[in-house]
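Trainee: Could you walk me through this chain before I go back to the bench? I have questions about the fold, the core and a few loops.

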Amino acid sequence: MKQEKVIAIDVGASKIRSQAVDRDGNCGEEHITNLLGLNPDNATFMELVCDLIDKVMLSENSTQFLAISIASPGPLDPYKGMIQSAPGLSTILDLPIVENI
């Protein structure tokens, strides 16, 4: 039977982190992308996030993923799944992150 986990994504001004987390709070391998000096636009930022999701899925090959959880500085629109703007990431504006995943 496959283990059930959630993919957790943590967006910060200097890096994006991702890892799998099970129902008991146990965390898998952490994957990090450094953002310092990058100034990514929305499309590039989404490529970085999706790459981290792929890395988590590959490192947890016997896992069934129930959801993807995203933590980000805001303001956010949780109803639209959008990062409206993010302090420290001035090039990310009105990004429909949920729709793009």
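The questions below go from the whole chain to single residues.

Mentor: This is a predicted model, where local features need pLDDT of at least 70, side-chain atom pairs count only at pLDDT 80 or more, and totals for chains, interfaces and linings use all residues. Residues are numbered from 1 along each chain as its sequence is written, and side-chain values use heavy atoms, leaving out hydrogens and water.

Trainee: In what pattern do the helices and strands follow along the sequence?

Mentor: Helices (H or I, at least four residues) and strands (E, at least two) are DSSP runs, numbered from the N terminus. The chain has two helices and seven strands. Their order along the sequence is β-β-β-α-β-β-β-β-α.

Trainee: How does the radius of gyration compare with the globule rule?

Mentor: The radius is taken over C-alpha atoms, and the rule is 2.2 Å times the number of residues to the power 0.38. For 101 residues the rule gives 13 Å, and the chain is close to that, so it is as compact as a globular protein of that length. The C-alpha trace spans about 45 × 30 × 20 Å along its principal axes. The radius of gyration of the chain is 14 Å.

Trainee: What share of the residues count as buried?

Mentor: Buried means under 20% relative accessible area, exposed over 50%, and partly exposed in between (1.4 Å probe, protein chains only). Of the 101 residues, the buried share is 32%.

Trainee: Which element gives the most residues to the largest nonpolar core?

Mentor: A nonpolar core is a set of buried Ala, Val, Leu, Ile, Met, Phe, Trp, Tyr and Cys residues joined through side-chain atoms within 4.5 Å. The largest one here has 19 residues, and I16, F45, I83, L89 and L95 have the most contacts inside it. Two or more residues come from each of β1 (3-11), β2 (15-22), α1, β6 (82-86) and β7. The top contributor, with seven residues, is α1.

Trainee: Why might such residues gather like that?

Mentor: There is a general tendency to cite. In soluble globular proteins, nonpolar side chains tend to be buried together.

Trainee: Which residues does L95 touch?

Mentor: Contact means heavy atoms within 4.5 Å. L95 is among the core residues with the most contacts inside the core. Leaving out residues up to four places away in sequence, L95 touches N42, F45, M46, G81, M82, I83 and N100.

Trainee: Is N39 buried or exposed?

Mentor: N39 sits in the loop between β3 (31-34) and α1 (42-59). Its phi is positive, about 50 degrees, although N39 is not a glycine. At 56% relative accessibility, N39 counts as exposed.

Trainee: In which strand does D94 lie?

Mentor: D94 also has a positive phi, near 45 degrees, and is a residue other than glycine. D94 is partly exposed, with a relative accessible area of 48%. The strand, residues 89-95, is β7.

Trainee: Which residues does P75 touch?

Mentor: P75 lies in the loop between β4 (63-71) and β5. P75 is partly exposed, at 43% relative accessible area. Setting aside residues up to four places away in sequence, P75 touches I83, Q84 and S85.

Trainee: What separates the C-alpha atoms of P78 and N100?

Mentor: P78 is in the loop between β5 (76-77) and β6. With 67% relative accessibility, P78 counts as exposed. P78 and N100 are 22 residues apart along the chain, and their C-alpha atoms are separated by 14 Å.
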